[in-house]
Structure formats: structure tokens, C-alpha cells
Amino acid sequence: MLEPRIVDRESFTVIGVGATGQLGEFNYGEIWEKQYMPMDALLKSYSIDGGCYGLTFSEGDHLVYLAGVAVAKLPVLPAGTREFVIPAAKYAVFECLMSTMTATVQEVYGQWFYKSEFELDNRAVGFEYYLPYNGVGEMQMEIYVPVKPKESPPSEQGGSSMKVFEAIANRRSIRNFKPDLVSEEALRKILQAGLLAPSGKNNQPWKFYVVQGEKRAEMIAQMRAGIVRNESQGNDTGSAKYTIRVMEQAPVTVFVYDRFGSPPWMPQSIDQNFFDVVNLQSIGAAIQNMLLTAEELGLGSLWICDVFSAYEELSTWLGENSALIAAISFGVPDEHPVARKRKDFDDLVHWV
Ligand SMILES: Cc1cc2nc3c(=O)[nH]c(=O)nc-3n(C[C@H](O)[C@H](O)[C@H](O)COP(=O)(O)O)c2cc1C
């Protein structure tokens with residue numbers, strides 16, 4: 001189990017060089033090497049602690065990755081740099097090496113949170129801190145994950161501020177989202193929840209494609225093209241025209257594929273049909289895990305199968321040949337729908 005230090009940090013300013021893009025698009029090595037390094041000496045001359053900071057924040061409908069140094073407030077920014085004020089927050093600080101960073105992040109979101117007495121503070125900003133390098137061995141770093149105490153103390157199995165049943169009962173399909181972006185930390189936690197789902201023979205048949213920012217326009221264009229094609233073929237596109245409006249608003253849409261499946265028009269054996277049924281159950285569990293985690297984080301979601309109206313277009317665009325199962329849109333809810341009626345317990349539950 002990781003043992004981070006818990007620290008309260010005052011607000012501070014980072015200046016540096018920034019790259020814009022979406023989560024998954026940044027080439028961090030290149031940003032540090034090609035953009036930051038030429039400015040290193042200049043930036044370090046303003047540094048208050050001699051180390052370097054890497055952080056991601058949202059700006060409009062894209063993300064900015066800033067590679068820089070912590071400074072006292074400067075009256076004028078050095079040319080070619082930009083600044084970001086990191087708000088005061090409580091952090092769990094995980095020490096690691098550059099080479100163990102990915103594994104550490106995975107352990108934080110996959111295991112540590114569930115056992116700890118903290119949960120992610122979705123409103124604060126996380127960052128990496130690279131300690132001043134003395135030229136010996138590998139560079140040491142610290143991952144600052146913003147946290148807040150869980151409202152209820154952890155149980156032996158690992159507690160949470162929101163009980164599972166509470167999340168199940170409170171979750172609603174959200175079809176109106178605010179323009180606010182979903183933080184990187186929240187998105188990683190949601191995806192990690194999907195990866196932690198049970199699966200037949202632990203096959204983990206899922207594969208996720210995360211669409212954000214400018215890529216959303218391309219996604220919507222594929223949806224539109226699919227609807228037009230289906231209509232020209234005389235097929236009913238049902239609610240797809242309404243769902244596309246939700247996908248247009250949501251800052252993030254995740255496409256879920258069954259790695260072991262094929263598109264539904266492909267002929268296949270009975271054995272493969274059974275295998276598909278097992279994998280579909282596993283993928284349903286992964287999707288529900290993600291929906292409930294979004295609920296826990298105060299985010300809304302919509303489980304979408306209307307993407308089938310643009311099956312071929314979306315799969316060609318994503319370069320994926322396996323089976324499209326669903327998409328899920330996530331974002332900050334801009335509505336509080338009342339619960340949709342469920343059928344009577346006694347009509348559906350039979351005690352044998
Ligand atoms: C497999 C599946 C596919 C769905 N596809 C869509 C969809 O394409 N568009 C949409 O607006 N809602 C879709 N939904 C949401 C359902 O309409 C919604 O879950 C249901 O009406 C119950 O409402 P609730 O989720 O708020 O409890 C889907 C839900 C599931 C589980």
C-alpha cells in the first residue's frame with residue numbers, strides 16, 4: 001500500500017511553457033525537452049524552490065499542460081511564458097521516480113483511494129513536482145493528488161463518502177450538461193472503475209476510446225453522417241437525433257468496444273455467440289462501474305446505444321474493427337431529472 005504524506009498547501013503560482021490539447025494527446029517528453037529546456041535557465045532564475053512543476057488545467061474546451069517553476073507573483077511574465085495560479089488545497093503526495101510514475105498513478109487510482117480515508121477533491125488541481133536534480137541517478141518526483149476526507153470513515157473493505165446503494169439510487173441519465181470540463185483526475189478514476197469490473201475468466205474484453213475537445217466535432221460529424229445514411233436506406237434512426245444533442249454538449253464521450261466481438265452483421269458460430277454473451281455482461285458491469293463512479297464524483301452520465309445509427313462511420317473514424325457496444329457521455333449535470341418509474345418489485349422478483 002502506498003504511503004503518501006498528506007499536506008495542506010497554500011495557493012501558489014507556476015510560470016512556464018504550455019501546450020494545448022486533450023488528455024492522451026500530450027507528448028510530455030517532447031514538451032519538457034523541446035519547449036521547457038530552452039527556457040530552463042531563465043525560468044529557474046525566478047523559481048522559489050529550485051524544482052519543476054507539471055500540471056494540466058482546462059481552458060475553454062481544451063486542456064493546457066504547463067511545464068514550469070513555482071514563483072513569487074511576478075509583475076510581468078517573461079516573454080513566451082504563461083502562468084497558472086494553483087488554488088490552496090489538501091494533497092496526498094506520492095514520491096516516485098520518473099520510471100515508476102505510471103505504475104504509481106495506476107496504484108493511486110486503482111487501489112490507494114479505496115483503502116484510504118480520503119477521496120479525490122474534484123475542484124482542486126493536481127500536479128507533478130520534479131525535485132531539483134543533482135545529476136546523480138534517476139530524477140525524483142512527487143505526484144500531488146488533491147484530496148478531501150471521506151465523509152464516512154473507511155470500513156475494513158475501504159469506505160467512501162457515498163454508499164454504493166446511494167449512488168445506484170441517485171444516478172439518473174443526464175441529457176443536459178454544463179460546458180465545464182471533467183478534470184483529468186476524475187476521468188482517470190472513472191476509467192479505472194471500468195477497468196476494475198469483473199469479467200468472465202478475467203478476460204477484460206473492453207476497450208475504451210475517450211473523445212474530448214475538438215475531436216467532439218469529428219465525432220458529431222460521424223453521427224450525422226450515419227443518421228443520414230440510415231435514413232436514405234429507409235431505416236428508423238429513432239432517438240439518435242436527440243441523443244446527438246447530448247453528445248454535442250457533453251465535454252467527454254467514451255466509446256466502449258468488445259475487443260473479442262465483431263460487428264453484428266458478421267456471421268458467426270454458436271460458440272462465439274455464447275462467448276459474446278459472457279463478454280457483454282462483463283462490459284455492462286464496466287459501464288455501470290463508470291456511471292456510479294461519475295455519480296460519486298458529482299458528475300452526470302448518459303449510457304448511449306443510439307451510436308449504432310452511425311456504427312460504421314464511428315468505427316472507421318476510430319479505426320476499430322471489433323464490436324461497438326455503447327458510448328457514455330460524461331459531464332457536469334445541468335438538470336436534476338426525477339427518477340423514472342421502475343416496475344413493481346413483486347412483478348419482477350420471483351421467490352422460488
Ligand atoms: C443499454 C442502454 C442504452 C441506452 N441508450 C440510450 C440512448 O441511446 N439515448 C438516450 O437518451 N438514453 C439511453 N439510455 C438511457 C435510458 O433511456 C435510461 O437509462 C432509462 O430511461 C432509465 O432512466 P435513468 O437512467 O435516468 O434511470 C440507455 C440506457 C442503457 C442501459
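Modeller: A polar contact is a pair of N or O atoms within 3.5 Å. Keep that cut-off in mind for the ligand. This is a predicted model.

Biologist: Which backbone does an oxygen atom of the ligand approach, and at what distance?

Modeller: Look at D306. A polar backbone atom of D306 lies 2.8 Å from an oxygen atom of the ligand.

Biologist: What about side chains? How far is a ligand oxygen from an N or O atom of R171, and of R175?

Modeller: For the R171 side chain, the distance is 2.9 Å. For the R175 side chain, the distance is 2.8 Å. Now add the area. The ligand taken alone exposes 620 Å². The protein buries 71% of that.

Biologist: Which residues surround the ligand?

Modeller: Among them are R172, S173, T243, W303, R340 and R342. Sort the shell by character next. It divides into 6 charged, 4 nonpolar and 2 polar residues.

Biologist: Which strand supplies the largest share of that shell?

Modeller: Strand β12, residues 300–304, with 3 residues.

Biologist: Now the interior. How should I read the largest nonpolar core, and which residues touch the most other members?

Modeller: A nonpolar core is a set of buried residues joined through side-chain atoms within 4.5 Å. Here the largest has 81 residues. W112, V145, F255 and V307 touch the most other members. Strand β13, residues 323–331, gives the most to this core, with 7 residues.

Biologist: Where does this core lie relative to domain 1 and domain 2?

Modeller: Check who contributes. Domain 1 (5–149) and domain 2 (164–331) both give residues to the core, so it lies between them.

Terms used. Residues numbered from 1 in each chain as written. Predicted model: local features only at pLDDT ≥ 70, side-chain atom pairs only at ≥ 80, totals over all residues. Heavy atoms only, no water. Near = heavy atom within 4 Å. Polar contact = N/O pair within 3.5 Å; in protein donor to acceptor, adjacent residues only side chain to side chain. Areas by Shrake-Rupley, 256 points an atom, 1.4 Å probe, with all protein chains shown as cover. Helix = DSSP H or I, 4+ residues; strand = E, 2+ residues; numbered from the N terminus. Nonpolar A, V, L, I, M, F, W, Y, C, P; charged D, E, K, R; others polar. Buried < 20%, exposed > 50% of the residue type's maximum accessible area, 1.4 Å probe, protein only. Domains from an automatic or database assignment.
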